[in-house]
Amino acid sequence: MESLTLSSLSNWVVPSSSQPFFRSSNCLFQTSFNFKTIEFPFLLLKTISLSPPRFSKVKTRATLDEKDQISTTPVLVQDEKEQKQPIKEVEESVKLLKTAAKTRKVPAEEILSAFSVIEKAKLDPSGFLETLGGMQSPGRTWMLIFTAKKRLEGGTYFPITAVQRFDAAAKRIENGVYLGPIGSLTFEGKLSWKNRILAFIFERVRVKIGPFNPFEISIKEKDEQEPGNKDPFFIWFYVDEEIAVARGRSGGTAFWVRCQRVSIF
């Protein structure tokens, strides 16, 4: 698992906002922001050491927009020879991950086992991008719940609020972390999709510190070239209307839960 540096805190974090912190009245789990060193396995980043002051917990909830609800039954590829895990095992693993998203009490070992089952199942990825990013802008937002090390050698619930927005229509991605009253850090750029691989390039970063207005920094000039295999990417193993599972370029695996657009204060 690779850790992260501010200079490249670009591979996945939070939806942009002019405010430093968010709150939703609907919550699936609570997150405390007392932490020391944080590692983001997909971010090609070195290490960020943060020692924020104490402040209140943030609550968030992953809920579904009724108009967007569809069947969440896993879809397997048609060739049975390619199927490595029975569909029942996949369904049970997905159910376990959804319980973990709601409670944050499912043991890490069980989550790692679920990751392994889902990856080996070789699910059909044809509908993944549309489910991740919706059919129109600004797309959909997903909150990071759990990250695992390379080869699934351990993992943990993610300790801070990190959210990604995928916009399939505009081929855009936005990642960020919210650190409560301390501020927020977001990255925005473009994405491309091929089979089950979502590659991306970030073009600008937005920084919000305390009560001050945010400022933007361009980190890459815009061009017509689409992100490719030399850029950061995610390999998606499972996506439905509630959760998504993927592996990053560094080899770490994680899962997200779908969340509503957040209100900021």
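In which loop is arginine 151 found? Arginine 151 sits in the loop between β6 and β7 (155-157), and the legends below describe this and other sites in a predicted model.

**Figure 1. Overview of the predicted chain.** The chain contains 3 helices and 16 strands. Of its 265 residues, 52% are buried. Among contacts with a separation of 6 or more, 69% are between residues 24 or more positions apart. Mean pLDDT for the chain is 76, with 66% of the residues at 70 or more. The pLDDT is below 50 over residues 1-82, a stretch that has 274 contacts in the model beyond near neighbours in sequence.

**Figure 2. Helix α1 and its buried face.** Helix α1 covers residues 87-103. At 1.5 Å a residue, its 17 residues should span 24 Å, and the end C-alpha atoms are indeed 24 Å apart. Val90, Ser93, Val94, Leu97, Lys98, Ala100 and Ala101 are the buried residues of α1. Viewed down the helix axis, these buried residues fall within an arc of 155 degrees, so they line one face of α1. An α-helix has 3.6 residues a turn, so residues three or four places apart point the same way. Lys88 and Lys95 are exposed and lie on the face of α1 turned away from the buried side.

**Figure 3. Arginine 104, after the end of α1.** Arginine 104 follows α1 and belongs to the loop between α1 and α2 (108-120). Its phi is positive, about 55 degrees, although arginine 104 is not a glycine. The residue is buried, with a relative accessible area of 18%; the cut-off for buried is under 20%.

**Figure 4. Helix α2 and the elements that cover it.** The 13 residues of α2 should span 18 Å at 1.5 Å a residue; the end C-alpha atoms are 19 Å apart, in agreement with this. The buried residues of α2 are Ile111, Leu112, Ala114, Phe115, Val117 and Ile118. The cover over these residues includes α1, β6, β7, β13 (233-239), β14 and β15. Lysine 122 follows α2 and has a positive phi, near 55 degrees.

**Figure 5. The cis peptide bond before strand β6.** Serine 137 and proline 138 are joined by a cis peptide bond, with omega about 10 degrees. Proline 138 lies in the loop between α3 (128-133) and β6.

**Figure 6. Arginine 140 in strand β6.** Strand β6 comprises residues 140-148, and arginine 140 lies in it. Arginine 140 is buried, at a relative accessible area of 10%. Its side chain makes a polar contact of 3.2 Å with the side chain of glutamate 241.

**Figure 7. Strand β15, paired with β6 and β14.** Strand β15 consists of residues 253-259; 7 of the 7 are buried, so the strand is largely enclosed by the rest of the structure. In a regular strand the side chains alternate between the two faces of the sheet. In β15 both faces are covered, with Thr253, Phe255, Val257 and Cys259 buried on one side and Ala254, Trp256 and Arg258 buried on the other. β6 and β15 run antiparallel and are joined by 7 bridges. Cysteine 259 of β15 is the bridge partner of threonine 141. β14 also pairs with β15 in the antiparallel sense, over 5 bridges. Isoleucine 243 stands opposite valine 257 of β15.

**Figure 8. The hairpin of β14 and β15, with glycine 248.** In the hairpin formed by β14 and β15, 4 residues lie between the strands. Glycine 251, in the turn, has a positive phi of about 105 degrees. Glycine 248 is in strand β14 (residues 243-248) and counts as buried at 3% relative accessibility. Its C-alpha atom is separated by 9.4 Å from that of lysine 150, although the two residues are 98 residues apart along the chain.

**Figure 9. Arginine 151 in the loop between β6 and β7.** The phi of arginine 151 is positive, about 60 degrees, although arginine 151 is not a glycine. Arginine 151 is exposed, with a relative accessible area of 61%. By contrast, arginine 104, which also has a positive phi, is buried at 18%.

How values were computed. Residues are numbered from 1 along each chain as its sequence is written. This is a predicted model: local features need pLDDT of at least 70, side-chain atom pairs count only at pLDDT 80 or more; totals for chains, interfaces and linings use all residues. Side-chain values use heavy atoms; hydrogens and water are left out. Helices (H or I, at least four residues) and strands (E, at least two) are DSSP runs, numbered from the N terminus. Buried means under 20% relative accessible area, exposed over 50%, partly exposed in between (1.4 Å probe, protein chains only). A polar contact is a pair of N or O atoms within 3.5 Å; within protein, one must be able to donate a hydrogen and the other to accept it, and residues adjacent in sequence count only if both atoms are side-chain atoms. The expected span of a helix is 1.5 Å times one less than its number of residues. The arc is that of the directions from the helix axis to the C-beta atoms. pLDDT is the predictor's confidence in each residue, from 0 to 100. Contact means heavy atoms within 4.5 Å. Two strands pair if DSSP finds at least two bridges between them.
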